[in-house]
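Trainee: I should like to go through this entry term by term and ask what justifies each description.

Mentor: Please do; let us have it in view before we begin.

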Amino acid sequence: MKKIYIVLSLILILTFRYYYEHEDKMLDKALIYAKENRNELKKVLKYYKNDKEKLAAAKFLIRNMPYNYTLEQYYISPKKEIFKLNTMEYNPDSIKEIHDSLILNGYIIKNHIKYDINNINSKYLIQNIEAAFSIKEKPWVKKIPFDSFCKYILPYRSQIEKPSCLRDSMIKKFVPILESYHAKTSLQACLIINNELKKIMKYKKIDTPIYPTIDETYSSGISACDGLCNLGTFIMRACGIPISIEQTTWTKMDLGHSWCAVLDENKFYRFFPGENDPNRDTSFLSSKRYLHPAKIYRRTFDANYNNIKRKNDDGYISHLKDPLIKDISYESIDDTLIDIKIPISKTISQKYKSKSDQIYLCTFNFYKWTPIAIGKKIDSLCYFENVVGDNIFIVSNYTNEIGMQYITAPFYINHTGKINLFIPNKNNSQKITLTKNKKKSNMPHTLHYWDTNLNNFISLKYDQSTDSTQSYSQIPSNALLWFTIPEKITNQRVFFIEDKKIRTY
């Protein structure tokens, strides 16, 4: 027993030594990446040299700053004139008119990435750290482990928004409310603050692609998912409530969704800021069939170092490879998760095969196959872990020469993992009458099927078309189908025919 204890102790010591040596190396690299901003960051480390906890917090922020950035956006004219749209200066209803007018006059939107490591100064970092520690001994905060405090309370940003200077004012406004309610846990505190958020924010799609800032969303009180999640996260973290943002790409409707999660006693509780309260289940994500996520990812401030240098990377650029994205499907989805194993199509040419073992599980989302998970290719088989079934997917790989190529046929997989490949049989046709889009019935409607030889949707000729329906008699059996109009609108979903019934995904 004594020998076992000595061996285990040695392993523990070596593990901790590796962990801290690794962190020190990442800090050193961050300071190198800082370039001209290096002295600013070293000022922060010097400022906290006699405070062990705050120094650790400062190191945590600095070593992860190379992976965090602001997406700065502005309009630029053909004459290179720059216009920055500050939504706080305009009525929200007039934003679309301004955007449309700028585009009509030849302006285009420019995206510029500003990395934190090169732009955040010592004054801002110190103010942020002091503000975070000022509420650290509050009843709902003091039991939170330091690691969780650093990850989910300390960060000054949620995603890619411009860092805000409102943290102190949020503390002054909202912390007294928590004290008046005698909040004792982070979950209780989250419920209280979320009730306050319901009074000051609401969901509204903003008719401009400009990414919202915290200050703009707080001023207007309206935004879409990202804006509300960023503001809700910012306010709650200012109050000492550990919050993360999670996201998914829909598989049964177009686009995706973001929401927040509060950490309480080592468990996350999901909610949407200003709307749904945190619960012990994910009912707001599964109340309807199309709201069942197939994969869920958590946005973090600290980098997942395994994502930074992937072995045998194929070079494809995807948010799935972002070191600040963590796959949490296994801990977040109530549905039964399955592992997918599917063979590569025999018709795939050798030129389409990537030298990398990376492959992508894709869902059809807003007119294209969109990757939702990274898997591994072993010999002629494709593997993906922790996915929800009852969905339609296709598998792709990537090469620099060809780009993204599909290496399987589209397939339906049920909740138990049973797969049906959509390989159209043109010798066995079927008939169907489809209903036109009611609001767009005057437009031409076209039915397509996925051709596994051409790896594309191919249109079919209709037999008869009325004001409300369109009939076909030469639809290949076992085909993936898509019924569209020329205008690009959301939720023109793919479907297949089973037992003479339409199943839409």
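Trainee: Where does Ser158 lie?

Mentor: The model is a predicted one. In it, Ser158 lies in the loop that runs between α7 (146-152) and α8 (167-180).

Trainee: What makes Ser158 count as buried or exposed?

Mentor: Its relative accessibility is 8%. Buried means under 20%, so Ser158 counts as buried.

Trainee: Which residues is Ser158 in contact with, leaving aside its neighbours within four places in sequence?

Mentor: Ser158 is in contact with Asn230, Thr233, Phe234, Arg237, Ile245 and Arg299. As for Asn491, it is 333 residues from Ser158 in sequence, and the two C-alpha atoms are 29 Å apart in space.

Trainee: Let us turn to the helices. Why are α2 and α3 described as roughly parallel or antiparallel to each other?

Mentor: The axes of α2 (residues 38-47) and α3 (residues 52-64) cross at roughly 160° and come within 8 Å. Angles over 145 degrees count as roughly antiparallel, and α2 and α3 are therefore roughly antiparallel. Their crossing is left-handed.

Trainee: Which residues meet in that contact?

Mentor: From α2 come Leu41, Val44 and Leu45, and from α3 come Leu55, Ala58, Lys59 and Ile62. By class, the contact of α2 with α3 has 6 nonpolar residues, no polar ones and 1 charged.

Trainee: What makes α3 oblique to α6?

Mentor: α3 and α6 (residues 122-134) pack at an angle of about 125°, with their axes 11 Å apart. Roughly perpendicular covers 65 to 115 degrees and roughly antiparallel begins over 145; the angle of about 125° belongs to neither class, which makes α3 oblique to α6. The contact joins Glu53, Lys54, Ala57, Ala58, Leu61 and Ile62 of α3 to Leu125, Asn128, Ile129, Glu130 and Phe133 of α6. Its residues divide into 7 nonpolar, 1 polar and 3 charged.

Trainee: What is the hand of the crossing of α3 and α6, and how do α2 and α6 cross?

Mentor: α3 passes α6 in a right-handed crossing. The crossing of α2 and α6 is right-handed, at roughly 35° with the axes coming within 8 Å. There, Glu40, Leu41, Lys43, Val44 and Tyr47 of α2 meet Ser122, Leu125, Ile126, Ile129 and Glu130 of α6. That contact of α2 with α6 comprises 6 nonpolar, 1 polar and 3 charged residues.

Trainee: How many aromatic pairs does the structure hold, and why is the pair of Tyr316 and Tyr398 called tilted?

Mentor: The structure holds 25 aromatic pairs. In this one, the ring centres are 5.2 Å apart and the planes stand at 45°. Stacked needs under 30 degrees and edge-to-face over 60, so the pair is tilted. Tyr316 is in the loop between α13 (305-308) and β10 (325-327), Tyr398 is in strand β15 (residues 391-399), and the pair thus links distant parts of the chain, 82 residues apart. Both tyrosines, Tyr316 and Tyr398, are buried.

Trainee: How do you know that Trp450 and Phe457 form an edge-to-face pair?

Mentor: Their planes are at 80° and their centres 5.0 Å apart. Centres within 6.5 Å make a pair, and planes over 60 degrees apart count as edge-to-face. Both Trp450 and Phe457 are buried. They also belong to one aromatic cluster with Phe364, Phe366, Tyr367, Trp369, Tyr406 and Trp482.

Key:
Residues are numbered from 1 along each chain as its sequence is written. This is a predicted model: local features need pLDDT of at least 70, side-chain atom pairs count only at pLDDT 80 or more; totals for chains, interfaces and linings use all residues. Side-chain values use heavy atoms; hydrogens and water are left out. Axes are lines fitted to C-alpha atoms, for helices over the stretch in contact, and angles run from 0 to 180 degrees between N-to-C directions. Helices (H or I, at least four residues) and strands (E, at least two) are DSSP runs, numbered from the N terminus. Angles under 35 degrees count as roughly parallel, over 145 as roughly antiparallel, 65 to 115 as roughly perpendicular and the rest as oblique. A crossing is left-handed if the near helix is turned anticlockwise from the far one by less than a right angle, and right-handed if clockwise. Contact means heavy atoms within 4.5 Å. Ala, Val, Leu, Ile, Met, Phe, Trp, Tyr, Cys and Pro count as nonpolar, Asp, Glu, Lys and Arg as charged, and the others, Gly among them, as polar. Rings of Phe, Tyr and Trp (its six-membered ring) pair if their centres lie within 6.5 Å; planes under 30 degrees apart count as stacked, over 60 as edge-to-face and the rest as tilted. Buried means under 20% relative accessible area, exposed over 50%, partly exposed in between (1.4 Å probe, protein chains only).
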